[in-house]
Structure formats: C-alpha cells, structure tokens
Amino acid sequence: MNVDSRAPELADSDFVAMMSASDICVLLHDAQTKEILWANPAACALLEFSLDEMIHLRANHISSAARQYDRVVARAMLQEAIDHGASRVEWHLRSRSGRVIPTDAFAVRVELARGPAVMVQYRDIEREQRTDAEQRLAESYVETLTRHTSTVAFMLDASGVIVSATDTALGYLGLTGHRGSPVRHRLTAFAVIRTGAGRATWDDIVAGAVPILPVRLEVAQPDAQPVWLEGSVERLPQPAADVYLMILHDVSGRVRDEALRELEQHRENYLARYNAMGDMAMAIAHELGQPLAAAGNFLAGIRARTGALRASGELDGQLGAQMEYGLESASRQIDRAATIVNTLRAFVGHLEHVEQVVDLNDIVRECLPFIRLRAEPAGVRIELGLSEETVPVRCERVLTGQVVLNLCFNAIDEMAECEPATRQVLLVTEKGADDGVLTVADRGRGLRRDPFTESFSGKAHGSGIGLALSHRIITRQHGSIWSEHREKGGSVFGFTLPLVPET
C-alpha cells in the first residue's frame, strides 16, 4: 500500500527505513500517557538503551537532573505540541552512563493509525555550543586585546575606510566615542600618509602594499604639535575583498628630535657664515679706515684753502659759500661713514663673553642713529615707547645692540614694501617682574610662519643670518626671543633679558 500519493514509488516500509537511518534522535510519545512508544536507532545509540528498555522509561530517566529539565516540564512541552501542533525548546538529555547531552528538541503532533502521538526530534548541539563558546572566548580575547593593548592598529577596507581599530589607535584620531562600535571613517580624513616617496594617497598605498609597505602617519592634534606614527601596512587577501592591516608605533619624540637637530644644524651653518662674514667685516673696516681718514684730511685742506681764497678776495663770495657748503656736507658724510666703520669694528671685535649691567634704554638710544639712517631713505617713521624708568639687564652691550639693529632693520625693510601712510615702526622697552623686554612692531604683511622654528629668513632673498645670530646672542645670555602676529595686521619681534635688581 502506498502511503503518499505524491510519492507513489515509496511504501510505508521505506519511511521506517529512512527514520532508522537518520542520525537525529527521535522519540515517539503517546499523546495521552506521554509514555515512549518507539525510538529510532540513533536515539538508542545516543542514550545507550535498547528499544525494549526505552519504552519502559520516563522523561526523568533520560533527562538531566537539573531542575529546568524536570519531568513536569517535559510533560508540559509534549502537551504544548499536542495542543498547538508543535513546540521547541533546548533540552538536556542524560545517557545511561550519565553523560549530559545538550539538544535542540522539536516536538510535533502526529496522527497515527492508533490515535494522536508526539514525535520529538533531539538534535545534538553539544558541538555547536562548544564551538560557540570557543568563538565567544576568542572574541573576548580579541576584545580585551583591542581595549588594553598599547599597539596602534587599524583594519581598513580597499577604499581606505577604517573597519576596526584598537582603542589606542582610536585615541590618536580622537575617535574614543567609537570604542566597541564600527568606525567607518576614512583614515585620510584624520591623517596624512607618507611613504619613502613622500606624501601618498590611499590609492598609492593599495598599489604599493604588495604585500607590505612601510608608512608614516602625520596626525594633526588640536592646539598641539602633530603626532607621528610609523610602521607598515599589509594586504590581507580575503574571499570577498582585500583588507589592509596597519600596525604603527608613536615616533613623535624621534621626529621632533630630528627636526631640532636639523634646526640646530641650520643655526650652526648660519653662525659659520656669520663668523666668515665677521672676518671679512674686520678686514674691510680696517682697510676703509685709512682711506676715510685720508679723505677727511684732503677735505679739511681744501676747506682751509677755500677759506684763505675767500679772505683774500681771490674767490667770489657766493661761489665760495657754495663750495664751503659742499665741502662741509661731504665732510659730514665721511664722518658718518667713519662712525659706521668704527661701530662695525666694535661689533665684530667684541665677540668675547663680556657681560655687564646695562640700561636697555641706553642700548636703544645708541642704536637709534643707525636705525634712523636706515629708515629715512625708505620713508619709515620710527616711534619710541621707552620705559620711563631704567631697565637694567645683564648682557653684552654691543652684541645686544646688534640684535636691536637686526630686528629694526627687518621691520624697516618690511615696511618699505607697504603703503607710505602705514610705514611706521614702534620700538618699545618695558620693565617686567623678572625680565627687561624690548619689542619692535610693524604694520606689514604679518608672519606666514615662525622664523625661529622653521627658517630664520622670511625674505625672498634673505640669508637668515641676522635672526640666527640674534637668537644665538639672546639665548646665550639666558634670555628668550620670539615673534608673533600683531593685532590689526603686522608682526611683533621681541626679546627678554634677565633683569638685575637695583640696589
């Protein structure tokens, strides 16, 4: 007899054969008494009972002794299947030897020739639970490692989007709020990527990571110096798409040290050039001294001869006056040139470390004639704001004057490029709590960068020797020198020197 018109080739014995061949544990219970009517071979093997033994057992004989697997609970599960057609629950069976077996129990009502019954299929899920537990443990290890490691690690997709990262890595990017959740931000939105070839795009990284590429990240920090991270990026081929693992470490200290060494080397180069120029200046000053003195003597002789000719009437009075004026003007210019040469010799000749207590106002007054000599041809007005009280500082008088000249000359050169109405330089001295302060302010184009941390020259054709020398002179005397933007445009350069308490 055929049991299913949809499969006329199958007989009822075939279904019994299939049930017997199944590796799923199947028990058949009477709907009324809940007694076991039949068990397939898989159930007998799992529970370690024969079929004859099985039909005399109750639920408590083959279930875990734990309270949630009590006989009353088992009968309720079977009754639910009878009443509603099916029920499902996780159930722990117990074999003859006492082994507890976690299963997924699915109970369904079936109509037999003898009346209703409940067929329960127990699928062994012990391996699945063990695998799940191992997976959860592994995830816990990964989570712990991600949270507590100091390693900077990013996992990125092929487009450069951060898929996952350690907490340390997120901290460097300022993304601490993403801990434990997907990041989904492009790395290049937070950092500049560099390789040996210079600045790189993410496409460059993808092309170069075959499979590993050394990289360096420059991560900008709000109101602070950037952080430098160095390491490598490795391509990890995956079935769906490649992913990229970037392992880095913080090298900010090393990068800053390298920058400081480079800056110091620049300073040493400037100072070497300054020393060479000092030797040349000394030689030039020495050689110019005699010609200037001789020129002065010649002019003095001509002026004396002109005066004698005017007195004797041999020289016309008006013409003699004009000649006298011209000779006197030439003599003044020679005297000014001689003063400049003598001062230059003093600047170059006083390089020894002779410290003395000097009023900062006096240094400014000594430099003022040279400052105005530079300012007048450029149409620059020099405004003074000298302290009303003395500003006694400990310094090298001549070299500190050189710093004042350097700062003022730079300001004058800057103002010479501006509109005539704005050409003004303000020179101020102040007495602070512990320092004497001098500032030179202009109304120029302002600073594009800090010349004391990047390059000592901001001029198109400047050598930077003046600022390099100024930095060296002031810092050697335990002072500080700086530059900053001036309100309403322009820039301010200034320095401080230790104040000497007045007795």
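Two strands count as paired here if DSSP finds at least two bridges between them, and strands themselves (E, at least two residues), like helices (H or I, at least four), are DSSP runs numbered from the N terminus. With that in hand, let us walk through the model. This is a predicted model, in which local features need pLDDT of at least 70, side-chain atom pairs count only at pLDDT 80 or more, and totals for chains, interfaces and linings use all residues. Residues are numbered from 1 along each chain as its sequence is written, and side-chain values use heavy atoms, with hydrogens and water left out.

First, the overall picture. The protein chain holds 12 helices and 19 strands. Of its 503 residues, 38% are buried, where buried means under 20% relative accessible area, exposed means over 50%, and partly exposed lies in between (1.4 Å probe, protein chains only). A contact means heavy atoms within 4.5 Å; among contacts between residues at least 6 apart in sequence, 56% join residues at least 24 apart.

Now to the sheets. One open sheet has seven strands in the order β7-β6-β12-β11-β10-β8-β9, with antiparallel pairing. Its edges are β7 (162–165) and β9 (198–200); each has a single partner strand, so one side of each is left without a neighbour in the sheet. Ignoring direction, neighbouring strands of this sheet are turned by 35° against each other on average; angles run from 0 to 180 degrees between N-to-C directions, and axes are lines fitted to C-alpha atoms, for helices over the stretch in contact. Inside this sheet, strand β11 (residues 224–236) pairs with strand β12 (residues 243–250) in the antiparallel sense over eight bridges. If you would like a residue pair to click on, V233 stands opposite M246 in β12.

A second open sheet has five strands, ordered β14-β16-β17-β19-β18, and its pairing is mixed. The edge strands are β14 (381–385) and β18 (480–485), each of which pairs on one side only. From one strand to the next, the twist averages 15°. At one end of the order, β18 and strand β19 (residues 491–498) run antiparallel and are joined by six bridges. Here S483 stands opposite F493 in β19.

Two helices lie across this five-stranded sheet. Helix α10 lies across β14, β16 (424–431), β17 (435–441) and β19, running at about 170° to β14. Helix α11 lies across β14, β16, β17, β18 and β19, at about 175° to β19.

The two helices also meet each other. The axes of α10 (residues 360–375) and α11 (residues 397–415) come within 9 Å and cross at roughly 35°. Their crossing is right-handed, meaning that the near helix is turned clockwise from the far one by less than a right angle, while anticlockwise would be left-handed. The residues making the contact include I363, E366, F370 and I371 of α10, and R397, V404, L405 and F409 of α11. By type, the residues of this contact divide into 10 nonpolar, two polar and five charged. In this grouping, Ala, Val, Leu, Ile, Met, Phe, Trp, Tyr, Cys and Pro count as nonpolar, Asp, Glu, Lys and Arg as charged, and the others, Gly among them, as polar.

Side chains of opposite charge can pair when their charged atoms come close. A salt bridge is a side-chain nitrogen of Lys or Arg within 4 Å of a carboxyl oxygen of Asp or Glu, and by this rule the count comes to 19. One of them joins the two helices just described: E366 pairs with R397, the closest N and O atoms being 2.3 Å apart. This pair links distant parts of the chain, with E366 in α10 and R397 in α11, 31 residues apart. E366 counts as partly exposed at 40% relative accessibility, and R397 is partly exposed too, at 27%.

R397 also appears beside strand β13 (residues 356–359), where Q356 has its place. Leaving aside neighbours within four places in sequence, Q356 is in contact with V393, R394, C395 and R397. The C-alpha atoms of Q356 and V393 are separated by 8.1 Å, although the two are 37 residues apart along the chain. Q356 is partly exposed, with a relative accessible area of 32%.

Elsewhere, R99 and E126 meet in a salt bridge (2.8 Å, N to O). R99 sits in the loop between β3 (86–94) and β4 (100–112), E126 in helix α5 (residues 126–148), 27 residues apart. Another salt bridge brings together R123 and E128 (2.5 Å, N to O); R123 is partly exposed at 34%.
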